[in-house]
Amino acid sequence: MQVRLPRIDYSTIRPDWAANREFAHDRNASSTIPSYVEPYLIQVMKRAKEVLPANETQLHVEIDWFIAQESQHYRQHNAFNRRIRAFYPGIEPFEKELEQTYVEFLANRSLKFNLAYSEGFESLGPPAAKLWFEHSDDILAGAQPEAVALWKWHMAEEFEHRTVCY
């Protein structure tokens, strides 16, 4: 794994950034998730590192890379979401509810639960990456390149760090 710092300008992103508007809106809705799940995953991995034996040096390194990648994911999605949020009036209560769910998981659930949830969530990445890279060319034809860059970069890294939570 490596930490990448993409420089994507979202200032001209439209909510209908793909010709298939339903697809674009679906991805826009999905973009709210990383803004809240990625910080949660980071906290879970930090807690896991605290109890991980010191001799698991390679796993410690991989967790650090994972955390750094996840940090970039939520930063990029936050930037994208700031641009499109205005087009979705009423979305903030749903975002707050999602955020509160993760706050409650960290406060009230065991590390074992949080690790299992993290692994379950991360297991969605590789199949999603496969779809993005092997089955989406037609639906992405003519799409705004900034939105495509965000999702392809993110999906590639999801595939890359697929084994860390496991």
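## Buried and exposed

Of this protein's 166 residues, 41% count as buried. Keep in mind that you're looking at a predicted model. On the outside, about 9100 Å² is exposed, and carbon and sulfur atoms supply 56% of that area.

The charges come to 18 positive and 24 negative, and the mean positions of the two sets sit 3 Å apart.

## Overall build

There are eight helices here and zero strands, so the run from the N terminus is simply α-α-α-α-α-α-α-α.

As for dimensions, the C-alpha trace spans about 50 × 35 × 25 Å along its principal axes. A compact globule of 166 residues would have a radius of gyration near 15 Å, and this protein's 16 Å agrees with that. Take the contacts between residues at least 6 apart in sequence: 80% of them join residues at least 24 apart.

## The cores

The largest nonpolar core has 19 residues, and the ones touching the most other members are Ile13, Trp17, Phe80, Trp132 and Leu150. Helices H1 (21–31), H3 (57–84), H6 (125–134) and H8 (145–160) each supply at least two residues of this core. H8 gives the largest share, with six residues. Apart from this core lies another one, of 14 residues, which includes Tyr36, Val37, Ile67 and Phe105.

Trp132 is a good residue to click on. Leaving out residues up to four places away in sequence, Trp132 touches Trp17, Phe23, Arg27, Leu140, Trp151, Lys152 and Met155.

Terms used:
Residues numbered from 1 in each chain as written. Predicted model: local features only at pLDDT ≥ 70, side-chain atom pairs only at ≥ 80, totals over all residues. Heavy atoms only, no water. Helix = DSSP H or I, 4+ residues; strand = E, 2+ residues; numbered from the N terminus. Rg over C-alpha atoms; globule rule 2.2 N^0.38 Å. Buried < 20%, exposed > 50% of the residue type's maximum accessible area, 1.4 Å probe, protein only. Contact = heavy atoms within 4.5 Å. Areas by Shrake-Rupley, 256 points an atom, 1.4 Å probe, with all protein chains shown as cover. Lys, Arg positive; Asp, Glu negative; His and termini not counted. Charge placed at Lys NZ, Arg CZ, Asp CG, Glu CD. Core = buried A, V, L, I, M, F, W, Y, C linked by side-chain atoms within 4.5 Å.
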